[in-house]
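Student: I've got a structure open and I'd like to work through it with you. Can we take it piece by piece?

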Amino acid sequence: PVPHIGFKPVHLLGDPRLFRGLPADAEFYFMHSFEVVNYTDVAALCEHGKHRFVCSLEREQLFGVQFHPELKSRPFAPHPLFASFVAAAVKQSRLV
């Protein structure tokens with residue numbers, strides 16, 4: 001069922017870098033009518049109704065999410081996902 005709007009928890013697959021340091025029950029804001037169809041590099045899944053879909057991808061230095069972490073961010077209090085993203089980017093830049 002679309003559109004998919006609201007806060008939902010995600011199910012992590014493995015130990016994706018982007019989600020490190022976040023509580024296991026963290027919820028993210030979704031607002032979309034489409035989904036990415038990808039069966040590799042999946043970092044997290046979400047459910048909407050009875051449909052399970054990919055909501056985060058991670059491959060080397062590439063990250064992608066289907067939700068909007070900026071909704072809960074403030075200039076001096078960023079969403080923890082942004083902090084994880086910056087930490088992963090800094091670490092990757094040191095490897096280059």
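Here is a short run of questions and answers on this predicted model.

Student: Let's start with the sheet. In what order do the four strands of the open sheet run?

Tutor: The pairing in this sheet is antiparallel. Strand 2 (11-12) and strand 6 each pair on one side only, which puts them at the edges. Between those edges come the other two strands, and the full order is 2-4-5-6.

Student: How many bridges join strand 4 and strand 5?

Tutor: Strand 4 covers residues 42-48 and strand 5 covers 51-59. The two pair in the antiparallel sense, and the bridge count is six.

Student: Which residue in strand 5 is the bridge partner of Glu47, and what else links the two?

Tutor: On the backbone side, Glu47 has Arg52 as its bridge partner in strand 5. The side chains of Glu47 and Arg52 also meet, 3.5 Å from N to O. With the cut-off at 4 Å, that distance qualifies, so the partner is Arg52 and the extra link is a salt bridge.

Student: Is that pair buried or exposed, or somewhere in between?

Tutor: Glu47 has a relative accessibility of 44%, and Arg52 has 45%. Buried would need under 20% and exposed over 50%. Because both values fall between those limits, Glu47 and Arg52 count as partly exposed.

Student: How many salt bridges does the whole structure have, and which one involves Asp15?

Tutor: A search of the whole structure finds four. Asp15 lies in the loop between strand 2 and strand 3, and it is exposed at 53% relative accessible area. Its salt-bridge partner is partly exposed at 41%; the N to O distance is 3.1 Å and the partner is Arg20.

Student: Asp41 caught my eye. What is its phi, and where does the residue sit?

Tutor: Asp41 is found in the loop between strand 3 and strand 4. At 29% relative accessible area, it is partly exposed. Although Asp41 is not a glycine, its phi is positive, at about 65°.

Student: How far apart in sequence are the parts that the Asp41 and Arg59 pair ties together?

Tutor: The side chains of Asp41 and Arg59 meet in a salt bridge at 3.8 Å, N to O. Asp41 lies in the loop between strand 3 and strand 4 and Arg59 in strand 5, so the pair ties together parts that are 18 residues apart in sequence.

Student: On to the next hairpin. Which residue takes a positive phi in the hairpin of strand 5 and strand 6?

Tutor: Strand 5 and strand 6 pair in the antiparallel sense over four bridges, and Glu58 stands opposite Phe63 in strand 6. Two residues sit between the strands of this hairpin. The one with a positive phi, near 50°, is Glu60.

Student: What about the inside? How many residues make up the largest nonpolar core?

Tutor: Nonpolar side chains tend to be buried together in soluble globular proteins. Here, strand 3 (27-32), strand 4, strand 5 and helix 1 (80-95) each give two or more residues to the largest nonpolar core. Among the residues with the most contacts inside it are Phe28, Phe30 and Cys55, and the total is 15 residues.

Student: Which residues does Phe67 touch, leaving out those up to four places away in sequence?

Tutor: Phe67 is one of the residues with the most contacts inside that core. Leaving out residues up to four places away in sequence, Phe67 touches Val10, Phe19, Phe28, Tyr29, Phe30, Cys55 and Leu81.

Student: And Val65, is it buried, exposed or partly exposed?

Tutor: Val65 sits in strand 6, residues 62-65. It touches Leu18, Cys55 and Ser56, again without residues up to four places away in sequence. Its relative accessibility is 35%, so Val65 counts as partly exposed.

Student: Last one: what accessible area does the nonpolar patch of Phe85, Val86 and Val90 have?

Tutor: Val86 is found in helix 1 and is partly exposed, at 47% relative accessible area. Together with Phe85 and Val90, Val86 forms a nonpolar patch on the surface, and the combined accessible area is about 240 Å².

Note on methods. Residues are numbered from 1 along each chain as its sequence is written. This is a predicted model: local features need pLDDT of at least 70, side-chain atom pairs count only at pLDDT 80 or more; totals for chains, interfaces and linings use all residues. Side-chain values use heavy atoms; hydrogens and water are left out. A nonpolar core is a set of buried Ala, Val, Leu, Ile, Met, Phe, Trp, Tyr and Cys residues joined through side-chain atoms within 4.5 Å. Buried means under 20% relative accessible area, exposed over 50%, partly exposed in between (1.4 Å probe, protein chains only). Contact means heavy atoms within 4.5 Å. Patches are made of residues with over 30% relative accessible area and no salt bridge: like charges are joined within 9 Å, nonpolar side chains (Val, Leu, Ile, Met, Phe, Trp, Tyr) within 5 Å. Accessible areas come from the Shrake-Rupley method with a 1.4 Å probe; for residues, only the protein chains shown count as cover. Two strands pair if DSSP finds at least two bridges between them.
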